[in-house]
Amino acid sequence: MDSITHIALGACVGEAFFGRGFGKKAMLWGALAQSAPDIDFLGAFWLSTDENLLAHRGFTHSILFALLISPVLALVAERIHRPHNIRFSKWLIFFSTEVFLHLLLDGFNNYGVGWFEPFSHLRISFNAIYVADPFFSIWAGIAIVMLFILHSYHPRRRFWWRFGVFIPFLYLGWCTINKIKINSDVKEILQQEQIPYTRYFSTPTPFNNLLWYVVAGNDSGYHVGFRSILDIKKQINFQYFPRNDSLLHSVADHEEVQHLIRFSQQFYTAEQWGDTLVFNDLRFGQITGWQNPRGRFVFHYILNHPEDNTLVVQRGRFAGWNKTVARSFIKRIAGN
């Protein structure tokens, strides 16, 4: 999830653990602990873009890292707050809960999380919620504001931390149900249209959980389309994109390309834009693809000029958006 969500949710969990008497210090520790795995952002200062793609949500989002950092944070907090009557075991359970919760939540969106690093490079991606979904985040945001306003012994504090923790997880459960329904519908449509595939994924489009982006294909290429939870017709306007592996033959042995292929989890295509060789990671969606089915992909890495790829994950996400595009987006969410 985005950093603000982790901070707000972490603060609510801190309040839940320590509650009355510990003041608002528990909220600060909770926000810090939830943010600890994102220390990997420092890698961007010395790693190349392709290396940083793998480092982000890599080791610092692993089970091993969580097991190492939780007791360290517990020791630091226990010493800072002496004298106190809080058992070390409670500190340890608190920080472990916060860090593991961060790892779990990040696994629900499409970037992928290296839970098993450094022993395995497998990335976990449940693809059930968009990385910044306001309908997940707003409840913890409201709760943290109220918790900072209310004094440490106010009787309504319990209500607000529950508000900030339970509603997001109820929403996450609803997202998971949507995911199951979308997958069932899409696979039925793929069978009806006799589209062969060995790889498949679905993931929500920006800021909602109603309109989903789906990809199905194999080593030859991928069929890409969109389906809304509100769609009635059992059909998808699939667009086919050949993988074009032949375009990568001249650079296949470059470490940069090997990193990109590994990061993409095989969901990639190559394209030639004039004299520019481009690597697309299909997992991040198309630029306004619901309106322009042949649109470019959000993640397009320019192999000829690696220095131009600093913001590769974000630069195409909202390119070309305007009022007309936004209206078409809302209309497509409403279903066909």
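This briefing describes a helix pair and a small group of strands with the helix that lies across them. The model is predicted, so local features need pLDDT of at least 70 and side-chain atom pairs count only at pLDDT 80 or more, while totals for chains, interfaces and linings use all residues. Residues are numbered from 1 along each chain as its sequence is written, and side-chain values use heavy atoms, with hydrogens and water left out.

**Helix pair**

- Helix α6 (residues 134-149) packs with helix α7 (residues 157-192) at an angle of about 175°, their axes lying 8 Å apart; helices are DSSP runs of H or I with at least four residues, strands are runs of E with at least two, and both are numbered from the N terminus.
- Axes are lines fitted to C-alpha atoms, for helices over the stretch in contact, and angles run from 0 to 180 degrees between N-to-C directions.
- The two helices α6 and α7 are therefore roughly antiparallel, a term for angles over 145 degrees.
- Their contact (heavy atoms within 4.5 Å) includes F135, F136 and W139 of α6 and W160, W161 and F163 of α7.
- The contact residues comprise 15 nonpolar, one polar and one charged, where Ala, Val, Leu, Ile, Met, Phe, Trp, Tyr, Cys and Pro count as nonpolar, Asp, Glu, Lys and Arg as charged, and the others, Gly among them, as polar.

**Sheet and covering helix**

- Three strands form an open sheet in the order β5-β6-β7 with antiparallel pairing, pairing requiring at least two DSSP bridges between two strands.
- β5 (268-273) and β7 (297-302) are at the edges with a single partner strand each, so one side of each has no neighbour in the sheet.
- The twist from one strand to the next averages 35°.
- Strand β6 (residues 276-286) is joined to β7 by five bridges, and D281 has F299 in β7 as its bridge partner.
- Helix α8 (residues 255-264) lies across β5, β6 and β7 and runs at about 15° to β6.

Technical notes: Parallel < 35°, antiparallel > 145°, perpendicular 65-115°, else oblique.
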